[in-house]
Amino acid sequence: MNYPIRIVRRRKLAVGFVAVAALAAAAGATLLSNTAQAATTLGAQAAASGRYFGTAVAASKLGDGTYVSILDREFNMITPENEMKWDTTEPSRGNFNFGPADQIVSHAQAHGQRMRGHTLVWHSQLPSWVSSITDANTLRSVMDNHITQEMTHYKGKIYAWDVVNEAFADGSTQHRSSVFQNVLGNGFIEEAFRTARGVDPAAKLCYNDYNIEDWNAAKTQGVYSMVKDFKSRGVPIDCVGFQSHFGSGGPPSNFQTTLSNFAALGVDVQLTELDIAQAGTTQYSNTVKDCMNVSRCAGITTWGIRDSDSWRSGDNPLLFDASGNKKPAYDAVLSALGGGTPVSNPPTTSGGGGSAGPLRGVGSGRCVDVPNSSTTNGTQVQLWDCSGNSNQRWTYTSSKQLMVYGNKCLDANGQGTVNGTSVIIWDCNGQSNQQWNLNSNGSISGVQSGLCLDAVGQGTANGTKIQLYSCWGGSNQQWTRS
């Protein structure tokens, strides 16, 4: 095969928002990405089709000026290399350490980047106190508590979680031997996903693995069968991560087929840990094109920034050399990102890569907020202190929708067109009561109703509801993205 089989997984070592008036002028872009920027940065180019382009980050390198400069210029999604893994976050039972991961999350929030959570349940980098558990009830309680505590700590800050990582055996359709498999049996994956959904309904829940890129491989078929079963039974799974650690030959020739077949099950697909030995331009280009040609391929993450940061640094597998210079593969990737099909259900993006961000009331200084991070259709939006969390991040799409969570849209309740109609979230459906004009005076008016988003009673307090009302130019009807 063109990519390495790893029997034992190695430890991986390692702009500002614009005003609504400016958004209106740029509304023709899929995610309002800056045209000039889209030609020169990975994140912005990916965002033009509704995708992200991310990288793995080590907290210990956030003091490296060259590293951080490339990170903040090029990438709009971050995955912690090791800082969210069990041996770091819960080294002894019930004692949690989120400090290193918090550093990365804080950096992302300060620079308009989103986060992938990696990883909650994995057989590796597991403290001995977990791997030595032999009682099923104890292990189930420990696993569920670990998922609950970590996801609660980062609730509203994570776009997608790798809930379970590398549970399948190499060259097999079956699960690998692990403390979770051996003590809890096949059901531990389902239990982990159900627990995760209960903690953070807004986060996407992914299964992540390596050597599942070749459609004909037994391991690929094993994971496919699991996802198909989960979808048929309503087990909450939203995405599959393909690690994409390739040898010098690049991806298998049927990689796009694999992505398409998984996507057809009703899940997003993501390239989560991409690196290619010797970073060939054709190999990188083909890999990116395979994603770009599948509408539910949501984005790509490389496992590190510079070759010197890579866990397989001897292979020089990344897009930047040890000095931080762009390699020829960088230009190949940038070009490949410019083709393909727009992503379906595009995720919200932020910072340098797109237009997602707050809708801040001019009169109140507070943000349009989905109460309690609810994802329930019909939830009326409100004003609340701006937090930067996912329930306050809105993307204005080329279809004139204001989208939150990647799949819910701001909606005039019941297609109402009269004063006092409540403004809610609902599954995006493309109807005119979910379309909005961003006006040069800072107001936002409904395409169907002609009425404006209005803070009820000119209220400025937390909890003030948002409604439709005749446009009159008041500060309770004016909004910015800053």
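## Disulfide C291–C297 and the strand that follows

C291 and C297 are joined by a disulfide with an S to S distance of 2.1 Å, a disulfide being a pair of cysteine sulfur atoms within 2.5 Å. The torsion about this S-S bond is about -105°, so the disulfide is left-handed. C291 is buried, at a relative accessible area of 0%, and C297 is likewise buried, with a relative accessible area of 0%. Here buried means under 20% relative accessible area, exposed means over 50%, and partly exposed lies in between (1.4 Å probe, protein chains only).

The model is predicted: local features need pLDDT of at least 70, side-chain atom pairs count only at pLDDT 80 or more, and totals for chains, interfaces and linings use all residues. Residues are numbered from 1 along each chain as its sequence is written, and side-chain values use heavy atoms, with hydrogens and water left out.

## Strand 9 and its partners

Strand 9 spans residues 297–302, and six of its six residues are buried. Helices (H or I, at least four residues) and strands (E, at least two) are DSSP runs, numbered from the N terminus. Strand 9 pairs in the parallel sense with strand 1 (residues 52–57) over four bridges, where two strands count as paired if DSSP finds at least two bridges between them. In that pairing, Y52 stands opposite G299 of strand 9.

Strand 8 (residues 268–276) also pairs with strand 9 in the parallel sense, over four bridges. V269 stands opposite C297 in strand 9, and C297 is the cysteine bonded to C291. Strand 8, helix 13 (residues 281–292) and strand 9 make a right-handed β-α-β unit. A crossover is right-handed if, with the strands pointing away from the viewer, the path from the first strand over the helix to the second runs clockwise.

Y52 also serves as a reference point for R114, which lies in strand 3 (residues 114–122). The C-alpha atoms of R114 and Y52 are separated by 9.2 Å, although the two residues are 62 places apart along the chain. R114 counts as buried, at 8% relative accessibility.

## The other disulfides

A search of the whole structure finds five disulfides. With bonded cysteines counted along the chain, the disulfides of the protein chain follow the pattern 1-2, 3-4, 5-6, 7-8, 9-10. One of them joins C206 and C239, whose sulfur atoms are 1.9 Å apart. C206 lies in strand 5 (residues 204–209) and C239 in strand 6 (residues 239–242), so the pair ties together parts that are 33 residues apart in sequence. The torsion about the S-S bond of C206 and C239 is about -85°, so this disulfide is left-handed. C206 is buried at 0% relative accessibility, and C239 is buried with a relative accessible area of 0%.

A further disulfide joins C452 to C471, with an S to S distance of 2.0 Å. This pair links distant parts of the chain, 19 residues apart: C452 is in strand 19 (residues 452–455), and C471 is in the loop between strand 20 (466–469) and strand 21 (479–480). The torsion about the S-S bond of C452 and C471 is about 100°, so the disulfide is right-handed. C452 counts as buried at 1% relative accessibility, whereas C471 is partly exposed, with a relative accessible area of 40%.

## Nonpolar cores

The largest nonpolar core has 90 residues, and V164, F180 and F193 have the most contacts inside it. A nonpolar core is a set of buried Ala, Val, Leu, Ile, Met, Phe, Trp, Tyr and Cys residues joined through side-chain atoms within 4.5 Å. Not counting residues up to four places away in sequence, V164 touches T119, V121, F188, I189, A192, F193, C206, Y207 and N208, contact meaning heavy atoms within 4.5 Å. Apart from the core of 90 residues lies another core, of 24 residues, among them V370, Y396, A455 and W479. In soluble globular proteins, nonpolar side chains tend to be buried together.

## A buried loop residue

Q434 is located in the loop between strand 16 (423–427) and strand 17 (436–438). Q434 nevertheless counts as buried, at 0% relative accessibility. Leaving aside residues up to four places away in sequence, Q434 touches K400, Q401, L402, C409, L410, D411, W426, D427, C428 and N429.

## The chain overall

The secondary structure of the protein chain comes to 14 helices and 21 strands. Of its 482 residues, 59% are buried. The chain exposes about 16,300 Å², of which carbon and sulfur atoms supply 47%; accessible areas come from the Shrake-Rupley method with a 1.4 Å probe, and for residues only the protein chains shown count as cover.
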